[in-house]
Amino acid sequence: MDTLAVVLEEPKTVSRRTLALNPMTDKDILVEIAWSGISTGTEKLLWSGAMPAFPGMGYPLVPGYESVGRVVDAGAESRGRIGEWVFVPGANCYIGAHALFGGAASHIVLPAARALTVPEALGADAVLMALAATALHAIADGPAPELIVGHGILGRLMARILRARGEESPVVWEADPARRVGDFGYAVIDPAHDERRDYRVIVDASGAADLLDTLIARLARGGEIVLAGFYDRIAFAFPPAFMREARLRVAAEFTPEDLQTVRALVAAGALRLDGLVSHVRPATEAADAYPLAFGGGDCLKMVLDWRHA
């Protein structure tokens, strides 16, 4: 069958067109997508053309790894899942386009094992499951971060997860005044007003590759910086890092176990996903929605609505 998909034809050129889907196997399901999120990290790099060489990279491509919808058909081994409401972390099911990450389409074929059952009551907020799993993956190992850099969607989810796990609330840096307004249950401050220089663990959720020297100067001896964004190339001055015996850790993509943990936290009421989706646009307006999603400011999270596409 065919699907309607968002296609990045080339950098900064977004279309919405019909693509053929690979036939389902016995282990596959077909999901009718209701909502898909736009990532301000990886998808911004794909849209701008700044994404470094990456397996599966190439144009035209179908982006997206934050989709949610209903299973409407299935192969012989997965018929029992028809009717389930599921989170789809992307797919590689298109003929005539690359799939990096393949979630921005009206219908998606993927292995049943990759689809995570989620409560339908979450609505569009369910698209945040992947970002919450990414946030969890970045902070799951070692001591809890004392400083989170960036109060975008990823930084907010990290802070919420720390609170859900009963950890001490972190300090969050945010340079944009609009993103410091509100009662979050933790301090969100202008970095220029922070004099502290003994943070044991700092997590960068901003994706800014030019911040390393600043962050190293704020570390305690033996402190760690976790890079939770996606970067082309990073550099830092060695002497300050040497004097602090600084450690750098790169947080890779989330795992299926991270998704399961996040789902359990949400189901228990410990982790809330509400109040984070700031903009919803019909999928028919994808060409306008993508640049708006990357504009910062009041657009915290953009979601495409496929229900009437």
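Leaving aside its neighbours within four places in sequence, which residues is H151 in contact with?

**Figure 1. Surroundings of H151 in the predicted model.** Beyond its neighbours within four places in sequence, H151 is in contact with R156, V172, W173, E174, R179, F184, Y186, V188 and L300. The position of H151 is in the loop that runs between β11 (147-149) and α3 (153-164). H151 is buried, at 0% relative accessibility.

**Figure 2. The whole chain, for orientation of the close-up views.** Seven helices and 18 strands make up the secondary structure of the chain. Taken along the principal axes, a box of roughly 60 × 40 × 30 Å holds the C-alpha atoms. The radius of gyration of the chain is 20 Å, which agrees with the value near 19 Å for a compact globule of 309 residues. Of the 309 residues in the chain, 51% are buried. Among contacts in the chain with a separation of 6 or more, 65% are between residues 24 or more positions apart.

**Figure 3. Burial of helix α2 (residues 129-139).** This helix is mostly covered, with 10 of its 11 residues buried. The buried residues of α2 are M129, A130, L131, A132, A133, T134, A135, L136, A138 and I139.

**Figure 4. Packing of α2 against helix α6 (residues 256-267).** Two packed helices are described by the angle between their axes and the distance between the axes. For α2 and α6, the angle is about 105 degrees and the axes are 8 Å apart. The two helices, α2 and α6, are therefore roughly perpendicular to each other. On the α2 side the contact is made by M129, A130, A132, A133, L136 and H137. The α6 side contributes D258, L259, T261, V262 and R263. Seven of the residues in the contact of α2 with α6 are nonpolar, two are polar and two are charged.

**Figure 5. The cysteines C93 and C299.** C93 is buried, with a relative accessibility of 1%. C299 is likewise buried, its relative accessible area being 2%. The whole structure was searched for disulfides, and zero were found.

**Figure 6. The exposed loop residue D183.** D183 is found in the loop between β12 (171-173) and β13 (187-189). Its relative accessible area is 76%, over the 50% limit, so D183 counts as exposed. D183 and A140 are 43 residues apart along the chain, and their C-alpha atoms are separated by 25 Å.

**Figure 7. The cis peptide bond between Y59 and P60.** Most residues other than glycine have a negative phi, and most peptide bonds are trans. The bond joining Y59 and P60 is cis, with omega about -5 degrees. P60 is placed in the loop between α1 (42-48) and β4 (61-62).

**Figure 8. Positive phi at K12.** K12 is not a glycine, yet its phi is positive, at about 65 degrees. The loop between β1 (2-10) and β2 (13-21) contains K12. With a relative accessible area of 56%, K12 is exposed.

**Figure 9. Positive phi at E245.** Although E245 is not a glycine, it has a positive phi of about 50 degrees. E245 is in the loop between α5 (238-244) and β16 (247-250). The relative accessibility of E245 is 49%, and this residue counts as partly exposed.

Conventions: Residues are numbered from 1 along each chain as its sequence is written. This is a predicted model: local features need pLDDT of at least 70, side-chain atom pairs count only at pLDDT 80 or more; totals for chains, interfaces and linings use all residues. Side-chain values use heavy atoms; hydrogens and water are left out. Buried means under 20% relative accessible area, exposed over 50%, partly exposed in between (1.4 Å probe, protein chains only). Helices (H or I, at least four residues) and strands (E, at least two) are DSSP runs, numbered from the N terminus. Axes are lines fitted to C-alpha atoms, for helices over the stretch in contact, and angles run from 0 to 180 degrees between N-to-C directions. Angles under 35 degrees count as roughly parallel, over 145 as roughly antiparallel, 65 to 115 as roughly perpendicular and the rest as oblique. Contact means heavy atoms within 4.5 Å. Ala, Val, Leu, Ile, Met, Phe, Trp, Tyr, Cys and Pro count as nonpolar, Asp, Glu, Lys and Arg as charged, and the others, Gly among them, as polar. A disulfide is a pair of cysteine sulfur atoms within 2.5 Å. The radius of gyration is taken over C-alpha atoms; the globule rule is 2.2 Å times the number of residues to the power 0.38.
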